[in-house]
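Please walk through this protein strand by strand, with the coordinates open beside the text. The account starts with strand pairing and then turns to the cores, the barrel and two individual residues.

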Amino acid sequence: ISPAAPWRPLVEIARLGDGDRRWGGLDYFRFRGVVTFCGDVLGRRYWSIQDGSAATLLSGRTPSNLFLAKPGSYVEVVSNPGWFEPTNTLLADNLFQLGTSVFPDPVRHPGELLLPKRGEGTWIELEGIVRSNPSSGLLDVKSRGEIFTVAVPGLQIDLLRGLVDADIRVRGVIVYPNERERLLLVPSPEFLEITKEAAKDPFACTLESIRTLSAEALINRSQHRTRLRGVVTYAEHGTIYLQDDGGGIRVELESASSVDVGATIEIAGFPDLGDDESVVFRHAL
């Protein structure tokens, strides 16, 4: 591969640590693994690799051949952190493509992955209900009571729209752009499976009373689209309040609409917990 390769120790990713400025005392090293994601999402470049011990996100020095290796490639990464200014970012100084590999067995969304930065870069499997597909082309997926943003490069916009309220199973790399956001990076559409199709008519769902939408029923659970009928008691900037015989509820519309106070309407959307743990109706049509 390279005449200089043998004198760089071959290590496992787990030995590299997290935030260790000296990488366990290694001024230079190499490691091997399968590339699990490679691409641009929301204006940021992501590249991840995983071996039998752990996973990590990686950046390349400029210029870099890092992004020539596509997901599924088996590669060797060479890094020389002792030759440059100290940094907390793991950088690749060179990369050699050794062949192809199967993807690792996914971690099946353990609870600790909900904590900020925990398990970042790991290949996981997620099951949930698609809540919406913003104009950015990403999916909002509710899984076990938590919202994940899912990026699937190559997925057509028409298919994205048809996924709202569908049950899906998806595999990808978990990253945390900030403390409140969970982003799943899916290499391609082949890693997304529709386990239950969404109804073609969003208003074909069951008509419920606001009284039945309790906070207790929504804790750590995902819920399909629900339909409500009531009188509009407030309307402004895409938010309305709706009241029926069972009570009132805050409604966040999927897109801003002109709704008159006092009008009797039907809405279809997703019951959810608000920041104050009250019930909110979101992504409503």
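Two strands are taken to pair if DSSP finds at least two bridges between them. With that criterion in hand, and bearing in mind that the model is a predicted one, the reader can turn to β11 and β13, the latter covering residues 192-196, which run antiparallel and are joined by 4 bridges. Within this pairing, R169 has E193 of β13 as its bridge partner.

The strand β11 has further partners. It runs antiparallel to β8, to which 7 bridges join it, and here I129 is matched with D167 of β11 as its bridge partner. A further 4 bridges join β11 to β12, again in the antiparallel sense, with V175 standing opposite L183 in β12. These two strands, β11 and β12, form a hairpin in which 2 residues lie between them. As background to all of these pairings, strands of a sheet pair through backbone hydrogen bonds, and they may do so either parallel or antiparallel.

The same region also supplies the nonpolar interior. The largest nonpolar core has 29 residues, and those with the most contacts inside it are L139, V150, V170, L184, L185 and L192. The elements that give two or more residues to this core are β1 (29-41), β8 (123-132), β9 (139-143), β10 (146-151), β11 (167-178) and β12 (181-185), and among these β11 gives the most, with 6 residues. Setting aside neighbours within four places in sequence, L139 is in contact with V130, S132, N133, F148, T149, V150, L160, L163 and L192. A second core, separate from this one and made up of 18 residues, includes L26, W47, L66 and L90.

Elsewhere in the chain, a closed barrel of 5 strands runs in the order β14-β15-β16-β18-β17, with mixed pairing, and the twist from one strand to the next averages 55°. One of its pairings joins β15 (residues 239-244) to β16 (residues 247-253) in the antiparallel sense over 6 bridges, and in this pairing L242 has I249 of β16 as its bridge partner.

Two residues illustrate contrasting surroundings. Q50 lies in strand β2, which spans residues 44-50, and because its relative accessibility is 10%, below the 20% limit, Q50 counts as buried. Its side chain reaches the backbone nitrogen of W123 at 3.1 Å. Leaving out neighbours within four places in sequence, the residues in contact with Q50 are I13, G33, V34, T36, A55, P104, G121, T122 and W123.

V107, by comparison, is placed in the loop between β7 (94-100) and β8. Is V107 buried, exposed or partly exposed? Its relative accessible area is 34%, which falls between the 20% and 50% limits, so V107 is partly exposed. Although V107 and G172 are 65 residues apart in sequence, their C-alpha atoms are 10.0 Å apart in space.

Taken over the whole protein, the secondary structure consists of 1 helix and 18 strands. Of its 285 residues, 45% are buried, while the protein exposes about 14,600 Å², of which carbon and sulfur atoms supply 47%. Among contacts between residues at least 6 apart in sequence, 61% join residues at least 24 apart.

Definitions and conventions: Residues numbered from 1 in each chain as written. Predicted model: local features only at pLDDT ≥ 70, side-chain atom pairs only at ≥ 80, totals over all residues. Heavy atoms only, no water. Buried < 20%, exposed > 50% of the residue type's maximum accessible area, 1.4 Å probe, protein only. Contact = heavy atoms within 4.5 Å. Areas by Shrake-Rupley, 256 points an atom, 1.4 Å probe, with all protein chains shown as cover. Core = buried A, V, L, I, M, F, W, Y, C linked by side-chain atoms within 4.5 Å. Axes fitted to C-alpha atoms, helices over the stretch in contact; angles between N-to-C directions. Polar contact = N/O pair within 3.5 Å; in protein donor to acceptor, adjacent residues only side chain to side chain.
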